[in-house]
Amino acid sequence: MGGDMKRPGAGGSTPLAVGLALVLAGSGLWIAGGDARDGRGAVVSGRVALSAAGRVTFAGTPPAGDPIDMSADSYCGEQHAEAVIDRPVRVGERGGLAGVLVHVRNAPDAAATPEDETLLDQVGCLYTPEAVAVRVDETVVIRNSDETLHNVRVTPEVNRGFNLGQPIKGIESRRSFGQPEIGIRVRCDIHGWMHSTIHVLDHGFFAITGPDGSFTLPELPAGEYEVEAWHRALGTASQTVTVAAGHPVEIAFEFGG
Amino acid sequence: MRRTASRRAGARGWWVWAGAWAGAVAALSWSAPADAQDGAALYAAGCASCHGTDGTGADESRIAFDDPLPDFSDCSFASREPDADWIAVAHAGGPVRGFSETMPAFGEAFDGAQLQTIIDHIRTFCDDPAWPAGELNLPRALITEKAYPEDEAVWTTTANAESPGAVVNEITYEKRFGPRSQIEVKVPFGFAEAPTGEPGTGGELDTDWGGGLGDISIGVKHAVWHDDQSIFSLATELVLPTGDVDRGLGADAVRVEPFAAFGQALPADAYFQLQGGVELSTDTDAAEHEAFWRGVIGRTFTSGEFGRAWSPMIEILGSTALEDESGVNWDLVPQMQVTLNTRQHVMLNVGVRVPVTNTDARTTEFLVYLLWDWFDGGLLDGW
């Protein structure tokens with residue numbers, strides 16, 4: 001399976017020395033035309049559908065990261081028993097790479113934007129989670145759970161930016177984005193170590209990897225898709241994935257090396 | 001420069017509000033803001049971490065941005081703008097007035113009453129009452145002088161609507177000194193139509209157009225009294241005979257023009273201003289002694305919550321020569337001032353001066369000025 005990788009803003013196809021692998025496995029879901037049931041018994045009606053899941057891993061030794069100096073705001077320091085390390089590349093068990101956006105570039109027509117809200121919290125002077133992905137026009141709830149002031153400065157390139165002052169514990173602000181945009185930067189100007197990312201997509205076929213690098217995409221109709229993995233520091237990797245009836249798909253991305 | 005309570009630029013391009021983490025925050029919670037009406041506590045929670053507990057700006061080691069911070073204890077900075085502009089920036093963030101994007105919007109954290117208490121607290125950082133409040137910096141009319149001392153430059157153009165034709169420009173530069181004083185220099189120049197003395201093709205005397213300098217003047221102004229809603233100033237101008245007399249661009253006499261000016265802020269962003277004085281000439285054959293009195297009344301409207309400011313005004317002008325029986329010249333000057341840029345420190349005013357008496361000897365004039373409050377930033381800043 002071929003693929004290419006590039007760093008954000010590098011202009012498209014600059015390859016990185018990254019190995020990619022796509023593994024098609026023959027276990028898991030059974031699929032049929034018309035009404036069908038997945039392995040958990042849920043009804044999948046009217047189309048051939050398959051889940052696509054996988055892991056993103058980092059090969060080699062990740063950067064050690066730097067300790068965060070929170071002495072400018074004693075409240076922040078008091079929230080952590082141990083020193084907090086700023087890790088631009090966060091690697092978990094078995095080399096799993098956390099915080100990577102995996103999304104389908106040529107996704108099927110989008111369904112209606114869900115009414116659900118996605119939370120971006122500030123806890124212990126850190127963003128939680130470190131990145132969120134939402135649909136166009138989906139609401140992002142930005143909360144300050146700290147007893148200290150944060151400002152939330154969001155600087156998109158396509159969408160409209162904003163800068164919110166959140167001086168009170170528990171305050172929530174709601175915002176949405178009207179255009180798809182990957183990698184919107186979020187930061188606090190008071191606590192310079194605080195940074196996060198908001199991804200906005202015009203479809204629902206995306207996921208952000210967990211601490212172990214794993215992800216699960218929503219079910220896809222049979223077809224050929226270009227799937228991309230995006231990481232702020234490591235760039236992007238993409239590969240073509242064929243989803244066929246009766247075959248669940250497992251996708252593997254590997255950065256580093 | 002002019003302004004009203006609901007608009008005007010903040011000052012300079014370095015507004016950067018932000019807030020404090022401060023221990024006072026511990027007393028606050030989103031569900032129950034215990035000190036909701038305490039300006040000092042709200043300032044500590046929302047502002048002090050960047051602007052400092054004393055308003056002079058937090059130490060660079062405590063913040064993560066490079067934008068220079070204003071000094072709220074500097075009266076020259078802190079007194080110039082009305083509360084409404086401070087509240088606009090606090091509510092919607094720096095960009096609402098063309099200032100730094102680093103200044104966040106606190107409109108979802110504090111309501112209008114809370115923001116007002118914060119501004120009230122910030123006002124305490126300047127403890128010198130000699131500085132008139134920004135609310136007294138009323139919109140500048142086309143003719144009537146303001147009482148408020150300013151830092152601004154104004155280009156005014158006057159064009160006759162009837163023959164003889166004349167287009168006169170006047171560049172005014174004003175510089176404030178201390179809390180109450182101001183000097184100014186006016187340099188007029190223009191083009192005017194004048195008879196050549198030769199008969200024209202239609203039998204009437206022929207005319208031609210020519211340009212030249214007008215009478216340059218220098219002036220001083222001092223605000224002798226003010227309270228929260230009113231301001232009274234005394235001023236004088238010295239007018240030098242530098243103009244082209246033949247073109248009607250000047251008079252061949254030195255004149256001294258002492259006058260008084262008064263400004264009154266009214267509810268609902270309305271206001272009136274008065275000016276009265278005399279012009280005394282060193283050569284009454286060249287320029288008569290004259291008394292004048294002027295008044296302007298207006299109100300400012302805002303587009304949207306914090307948008308462009310529109311100030312319709314009407315001036316009533318009166319003047320009379322002191323040594324003859326020529327009567328009183330009365331004029332009306334309806335006009336509209338509008339802010340041009342987001343920072344609201346560049347403005348345009350357009351009006352027409354219509355003679356009401358002695359209309360045979362005086363012509364209708366179109367007037368327009370472009371005003372730049374240079375203290376608030378460069379001419380191209382804040383658009």
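Let me start with helix H5 of chain B, which covers residues 112-123, and which in this predicted model has 12 residues and reaches 16 Å from its first C-alpha to its last, close to the 16 Å expected at 1.5 Å a residue. If you look for the buried residues of H5(B), you will find Gln114(B), Leu115(B), Thr117(B), Ile118(B) and Ile122(B). These buried residues cover an arc of only 160° around the axis, and therefore they sit on the same side of H5(B). As background, an α-helix has 3.6 residues a turn, so residues three or four places apart point the same way. On the other side of H5(B), Gly112(B) and Ala113(B) are exposed.

What, then, covers the buried residues of H5(B)? The cover includes two helices of chain B, namely H1, residues 39-46, and H4, residues 83-92.

That brings me to the cores. The largest nonpolar core has 87 residues, and those with the most contacts inside it are Val56(A), Val100(A), Leu101(A), Val102(A), Ile198(A) and Ile118(B). Helix H4(B) gives the most to this core, with six residues. Ile118(B), then, appears both among the buried residues of H5(B) and among the core residues with the most contacts. If we leave out residues up to four places away in sequence, Val100(A) touches Val56(A), Ile208(A), Thr209(A), Ala229(A), Trp230(A) and His231(A). Apart from this largest core lies another one, of 13 residues, and among them are Val154(B), Val296(B), Met347(B) and Trp372(B).

Now to chain A as a whole, where there are one helix and 22 strands. Buried residues make up 38% of its 257 residues. Among the contacts in chain A between residues at least 6 apart in sequence, 64% join residues at least 24 apart.

Let me finish with one sheet in chain A, an open one of four strands, which has the order E10-E9-E12-E15 and mixed pairing. Why is one side of E10(A) and of E15(A) left without a neighbour in the sheet? Strand E10, residues 126-128, and strand E15, residues 172-175, stand at the edges and each has a single partner strand, so one side of each remains without a neighbour there. From one strand to the next, the twist averages 20°. Strand E9 of chain A, residues 117-123, pairs with E10(A) in the antiparallel sense, over three bridges, and Gln122(A) stands opposite Tyr127(A) in E10(A).

Note on methods: Residues numbered from 1 in each chain as written. Chains lettered and ligands numbered in written order. Predicted model: local features only at pLDDT ≥ 70, side-chain atom pairs only at ≥ 80, totals over all residues. Pairing = 2+ DSSP bridges. Axes fitted to C-alpha atoms, helices over the stretch in contact; angles between N-to-C directions. Buried ≥ 20, exposed ≤ 12 C-beta atoms within 10 Å, placed from the backbone. Contact = placed C-beta atoms within 7 Å. Expected span 1.5 Å × (residues − 1). Arc of directions from axis to C-beta. Core = buried A, V, L, I, M, F, W, Y, C linked by C-beta atoms within 7 Å.
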